[in-house]
Amino acid sequence: MLSAVDHVQLAAPPGSEDALRAYYRDVLGMEETPKPTLLAVRGGCWFAAGTVRLHLGVEEDFRPARKAHPGLRVTGIEGYAHRLRERGAVVVWDDGLPGHRRFYSEDPVGNRLEFLEPDPART
């Protein structure tokens with residue numbers, strides 16, 4: 001029986017770790033977590049914020065997915081969107097999900113991320 005999502009893995013091109021750190025750590029406010037030694041030699045980096053875990057793994061012929069993305073629940077979505085914009089990230093609002101406020105952004109290698117917060121006033 002499934003009990004939780006342990007992590008979401010996204011792909012990234014070789015050599016992009018510094019740009020990923022700048023985005024996931026400095027823009028999103030996540031903490032980098034150490035990869036196990038056996039996995040660290042493959043490149044990439046892991047990040048966490050509360051129970052949210054995102055793993056970025058290196059893919060030689062990387063192409064960002066056009067539609068696939070993690071949906072990340074936030075609190076204080078207006079303030080969080082402001083944080084991203086203030087740090088140079090693009091924020092694209094979308095009113096298409098009833099009962100929620102949400103926006104999309106992309107990491108520096110083109111991975112799409114959805115940020116959403118329940119809003120009962122928007123049903």
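**Exercise 1. Classify the accessibility of arginine 87 and describe its salt bridge with glutamate 86.**

Step 1. Arginine 87 has 39% relative accessibility and counts as partly exposed; buried means under 20% relative accessible area, exposed over 50%, and partly exposed in between (1.4 Å probe, protein chains only). The model is predicted: local features need pLDDT of at least 70, side-chain atom pairs count only at pLDDT 80 or more, and totals for chains, interfaces and linings use all residues. Residues are numbered from 1 along each chain as its sequence is written, and side-chain values use heavy atoms, with hydrogens and water left out.

Step 2. Glutamate 86 is exposed, at 56%.

Step 3. The closest N and O atoms of the two residues are 3.6 Å apart, which makes a salt bridge (a side-chain nitrogen of Lys or Arg within 4 Å of a carboxyl oxygen of Asp or Glu).

**Exercise 2. Place the salt bridge of glutamate 114 and arginine 102 in the strands, and state whether each residue is buried or exposed.**

Step 1. The N to O distance is 3.1 Å.

Step 2. Glutamate 114 lies in β8 (residues 112–118) and arginine 102 in β7 (residues 100–106), so the bridge ties together parts twelve residues apart in sequence. Strands are DSSP runs of E, at least two residues, and helices of H or I, at least four, numbered from the N terminus.

Step 3. Glutamate 114 is buried at 8%, and arginine 102 is buried at 12%.

Step 4. Elsewhere, salt bridges with shared partners join Asp18, Arg21 and Glu32 into one network.

**Exercise 3. Locate the salt bridge between arginine 21 and aspartate 18.**

Step 1. Their side chains meet at 3.4 Å, N to O.

Step 2. Both residues lie in helix α1 (residues 17–27), three residues apart, about one turn of the helix.
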